[in-house]
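User: I'm new to reading protein models. Could you take a close look at the strands and aromatic rings in the later part of this chain?

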Amino acid sequence: AVFPLSIRYRVFLSCAARNFACASSNAGALFSCQMLANTLSLQDRPALGRYGRLRPIDNWRRERVGGYHTMYNNRHGAAGGSRGGGGNPFLDALEKLKEDYNHMQAQLSTQRAELDKLNAEKEQLQRHYMMYYEMSCGLNMEMQKQSEVAKRMNTLLQSMIQYVPPEQQATTMQAMERAKQISLPELQQLSAASQAQQIMGMAGPMGAMGGALGMAGALGGPGGLNMAAIAAAMGGMRPPQQTDDRPAQSSSRQSSSRHRSHSPVVGEKKPKIEAEDGDDDEIDVQNDDPAGPATNGKTGRDSAHSGISSSGASTPAAKNFAALGQPRLPLAQLDPTTRMLMQGMMAQNGKQQYSFRVDGSGAIAPTTFPPDALSDPAAPKSVKAIHDLPHGEVVCAVAISKDAQRVFTGGKGCVKIWDLASNTSQARARLECLEDNYIRSCKLFAEGTHLVVGGEASNILLFDIETQKEVAKLDTTAQACYALALNQESKLLYACCADGAVVIFDLASMQEVARLPGHTDGASCVDLSGDGLRLWTGGLDHTLRSWDIRERRELSNIDFASQIFSLGCSPTEDWVAVGLDTNQIEVVNTQPGAKDRYQLHRHDSCVLSLRFAHSGKWFCTTGKDNLLNVWRSPYGALSVRASESSSVLSCDISSDDSVIVTGSGEKKATVYQVQYESS
């Protein structure tokens with residue numbers, strides 16, 4: 001039977017709807033419907049006219065649909081034929097699309113897994129790169145340091161050759177040239193041989209070793225450069241036994257020693273230098289540890305304590321030296337360490353000196369101590385640790401009350417208050433301040449009612465001790481405040497800032513009243529003179545400056561060879577002591593027109609804090625070498641030496657000079673009882 005056209009058209013639409021519903025879940029549903037429509041005969045797809053009559057499709061539509069029909073037959077004709085005449089090509093195309101889609105999804109999952117693996121490898125490589133970069137930066141810095149050390153040593157040796165006897169100068173020059181060409185294996189062999197000879201007691205005059213072997217003896221073996229040994233070589237003396245427990249520095253110095261020059265020369269006089277342990281027995285009343293930090297690391301810094309005979313520095317020697325084409329360097333132009341080496345700075349008993357007096361002309365001589373320098377009743381004889389205060393963080397600042405019953409320790413983000421009369425295992429109170437920044441200084445008011453705190457922040461805080469509350473905040477506009485000082489009436493506050501300025505605050509109005517510019521780098525330390533009329537500040541720009549407090553102007557400016565880390569003013573005399581970033585302490589006479597000073601060398605590293613006793617008879621210093629030293633003022637006779645297990649960063653002295661408190665990197669503070677009678 002022949003169905004009407006309208007019935008066939010409806011059957012076709014129902015089949016198309018079913019096929020479209022099956023393909024709607026697939027990404028190619030639209031494409032399938034288009035292909036389905038393309039396969040229909042154009043005569044079976046009439047369009048219904050506006051008035052119910054059939055209207056043929058436009059010619060452009062007919063050509064387009066015909067083109068799609070041809071394209072589909074070309075693509076899928078073979079596949080459709082292979083499945084048999086009864087297969088449906090549209091369902092086959094949909095299945096093919098599903099397979100392709102599933103395959104692409106599997107590939108996408110694989111690529112994602114590989115991408116995650118590559119990201120993990122990238123992060124690991126970045127971590128390794130950062131580690132190697134840090135190592136490279138550290139090695140570059142170490143190489144630069146060693147290069148500077150080599151240059152200084154070369155200059156030192158060049159200046160010392162002029163004092164060698166004429167008959168030895170040619171040999172000395174040859175030895176120096178040979179030393180510049182020595183290789184690392186040769187250096188290791190020579191160092192091992194020199195050390196073995198020292199242990200066996202066979203290290204005779206350095207000149208007898210000859211050439212490069214003498215140079216290796218001057219190196220002091222694997223302990224690195226030994227300035228005392230070089231001085232011994234120049235004077236024909238036997239170098240003291242070296243004890244050095246710092247292998248890291250030894251290896252780094254040994255690696256760069258091939259660039260240094262040394263001159264093994266036999267002098268005329270051969271006095272024997274006694275070991276420094278005997279000197280320790282004489283001046284260290286308590287806590288004497290010859291194997292500890294006090295005697296370790298005797299490198300270039302300890303060379304200031306040793307001397308040589310200057311008998312070889314004669315006029316013929318100078319002429320011979322000039323004939324070799326080397327300029328003669330006057331002693332006045334040499335650094336203090338070199339001058340002390342060349343002028344034979346030895347005490348009469350043969351022991352190494354640590355205190356030297358520099359007169360107005362720059363001449364250096366060993367200090368002659370008064371007979372009662374150590375026996376004076378006002379001189380401490382020993383110190384005894386009586387309390388350990390477990391702060392819990394590195395203690396960068398300490399303060400002690402007038403009655404010596406309360407101690408204030410400043411660490412990271414807080415100040416803790418300790419009551420020495422009760423339990424010292426736990427702090428009595430805790431003052432939160434500076435938002436987890438390290439506290440660099442804390443000062444008590446004269447009446448003991450308030451505490452001023454400054455540190456690595458722009459603000460200075462004022463606390464009421466009784467209520468334990470913050471009462472004021474002062475803005476310095478600098479990145480950090482390194483040191484604080486209060487005048488005698490506790491009305492003015494002086495703050496040393498990281499930008500080099502010294503800011504003055506009026507504590508009555510809590511306002512800034514003046515700013516003293518002058519330091520070109522950070523102002524690191526501050527103290528007031530005994531009469532309260534002058535302010536002394538030390539800076540990282542190597543300068544010590546004094547200021548008129550009333551006129552607020554700079555009075556004097558003294559240059560030093562290194563940065564100033566600490567200072568203190570004698571409360572009774574016109575002396576100012578400064579601690580440098582080397583191992584040196586200088587006590588300067590501040591009287592008008594005076595230029596004399598004392599140089600003290602009994603620290604092995606930078607001097608981090610310095611305080612004068614209220615009596616003015618002595619002062620104490622602490623350093624990175626774990627030491628607490630007590631000196632007589634101003635000439636620097638070492639009265640007491642105490643050793644701790646970590647760097648000692650700060651110290652303070654009670655008003656009756658009976659208690660010393662120190663803060664260390666061991667995250668604790670130590671309270672010492674000062675004893676003025678010999679036990």
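Analyst: Here is a walk through that part, one sheet and one group of side chains at a time.

A quick word on the ground rules: this is a predicted model, where local features need pLDDT of at least 70 and side-chain atom pairs count only at pLDDT 80 or more, while totals for chains, interfaces and linings use all residues. Residues are numbered from 1 along each chain as its sequence is written, and side-chain values use heavy atoms, leaving out hydrogens and water.

Let's begin with an open sheet of four strands, ordered β14-β15-β16-β17 and paired antiparallel. Strands here are DSSP runs of E with at least two residues, numbered from the N terminus, and two of them pair if DSSP finds at least two bridges between them. β14 (481-486) and β17 (511-516) are the edge strands; each has a single partner, so one side of each has no neighbour in the sheet. From one strand to the next, the twist averages 25° (axes are lines fitted to C-alpha atoms, and angles run from 0 to 180 degrees between N-to-C directions). Inside the sheet, β15 (residues 492-497) and β16 (residues 502-506) share five bridges, and Ala495 sits opposite Val503 in β16.

Next comes β18 (residues 523-528). Five of its six residues are buried, so the rest of the structure largely encloses this strand. Buried means under 20% relative accessible area, exposed means over 50%, and partly exposed is in between, using a 1.4 Å probe and protein chains only. β18 runs antiparallel to β19 (residues 534-539), joined by five bridges, and Cys525 stands opposite Gly538 in β19. The two strands make a hairpin with five residues between them, and Gly532 in the turn has a positive phi of about 75°.

Does a cysteine make you think of disulfides? The structure holds zero of them, a disulfide being a pair of cysteine sulfur atoms within 2.5 Å. Cys569, for instance, has Cys525 as its nearest cysteine by sulfur, but at 9.7 Å. Cys569 is buried because its relative accessibility is 6%.

Now for the rings. A search of the whole structure turns up seven aromatic pairs. Rings of Phe, Tyr and Trp (its six-membered ring) pair if their centres lie within 6.5 Å; planes under 30 degrees apart are stacked, over 60 edge-to-face, and the rest tilted. Trp575 and Tyr598 have ring centres 5.7 Å apart and planes at 45°, so this pair is tilted. Trp575 belongs to β23 (residues 575-580) and Tyr598 to β25 (residues 597-600), 23 residues apart. Trp575 is buried at 12%, and Tyr598 is buried at 11%.

Ring pairs also tie Tyr354, Phe369, Phe612, Phe619, Trp631 and Tyr635 into a cluster. The charged end of Arg602 sits over the Tyr354 ring, 5.4 Å from its centre; that label needs NZ of Lys or CZ of Arg within 6 Å of the ring centre and within 35 degrees of the ring normal.

Finally, another open sheet of four strands runs β26-β27-β28-β29, again with antiparallel pairing. β26 (607-612) and β29 (638-643) are at its edges with a single partner each, so one side of each lacks a neighbour in the sheet. β28 (residues 627-632) and β29 share five bridges, with Leu627 facing Ser643 as its bridge partner.
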